[in-house]
Amino acid sequence: MGSLSRSLLRTMFGLARLRVGFSQAGQSFEHVLHRVGIRWRTLWTMVRYGHFFERIGDNTVFVGVPKFDPGFNAPLIVALGDGVTLYAGVSIRGYGRLTIGDQSSINSGVIFGLTCDLTLGRNVLVADHVSFRTADHEFADLDRPIGDQGERRGSIVVEDDVWIGSNVTVLRGVRIGRGAIVGANAVVNRDVPEYAIVGGVPAKIIGSRLDGASAAAKQVPSATS
């Protein structure tokens, strides 16, 4: 190996050591880039997909650009309140009206599958990879393919101050009451009372926030953030 090659290798290894060292200034710069990126993606979403939005509230931001897949059977309409945050990889599909209330947070990979209205209230926390489905398939006729039997539809309503854990599926016609918590990986196929804590497949009541903060915290399944 020539001296030039050895010098180049030493320089590369030196730069690598510099890059992995802790740097408060470097992280501050990353934060600036992050904020600028959010502003750019928010502006781009408004310009590129503005025809889907009935309203985008004040201080609402798009950490990532959502994916739109309209069904064209009817209009797809989205109304966002003030201070809503949508993270990367959120998918909005189908047709109907999606309403998200003030100060709600929609994490990465969330799917809104609409065939009718879907409403989230204020201060709703939706963790990664939650799926909302306002329709499912008919399947009673054993002589016809399931895909040819049509759909059953029902609007979904999530009231204020609800926390939905990661990888939850919320099915058609469900209403989740104010202040409820849905544990990670649950499948919600029936209404959830106010302040209830539910988990499992299908989701069942496993506790209540009305029991007190310390007791309720023990009842929430892990990985619900």
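These exercises cover a surface patch and three backbone features of a predicted model. Residues are numbered from 1 along each chain as its sequence is written. In this predicted model, local features need pLDDT of at least 70, and side-chain atom pairs count only at pLDDT 80 or more.

**Exercise 1.** Find the residues that make the nonpolar surface patch, then place Leu 43.

*Solution.* Start with the rule: a patch takes residues with over 30% relative accessible area and no salt bridge, and joins nonpolar side chains (Val, Leu, Ile, Met, Phe, Trp, Tyr) within 5 Å. A salt bridge is a side-chain nitrogen of Lys or Arg within 4 Å of a carboxyl oxygen of Asp or Glu. Trp 40, Leu 43, Trp 44, Met 46 and Val 47 make the patch, about 550 Å². Next, Leu 43 sits in helix α2, residues 24-49 (a DSSP run of H or I, at least four residues; strands are E, at least two). Leu 43 has 45% relative accessibility, so it counts as partly exposed (buried is under 20%, exposed over 50%, partly exposed in between, with a 1.4 Å probe and protein chains only).

**Exercise 2.** Compare the settings of Asn 59 and Tyr 195, both with positive phi.

*Solution.* Most residues other than glycine have a negative phi. Asn 59 has a phi of about 65°. Its loop runs between β1 (53-56) and β2 (61-62). Asn 59 is exposed because its relative accessibility is 70%. Now take Tyr 195: phi is near 65°. Tyr 195 lies in the loop between β20 (187-188) and β21. Its relative accessible area is 24%, so Tyr 195 is partly exposed.

**Exercise 3.** Locate the cis peptide bond at Pro 202.

*Solution.* Most peptide bonds are trans. The cis bond joins Val 201 and Pro 202, with omega about -10°. Pro 202 belongs to the loop between β21 (196-199) and β22 (204-208).

Key
Side-chain values use heavy atoms; hydrogens and water are left out. Patches are made of residues with over 30% relative accessible area and no salt bridge: like charges are joined within 9 Å, nonpolar side chains (Val, Leu, Ile, Met, Phe, Trp, Tyr) within 5 Å. Accessible areas come from the Shrake-Rupley method with a 1.4 Å probe; for residues, only the protein chains shown count as cover.
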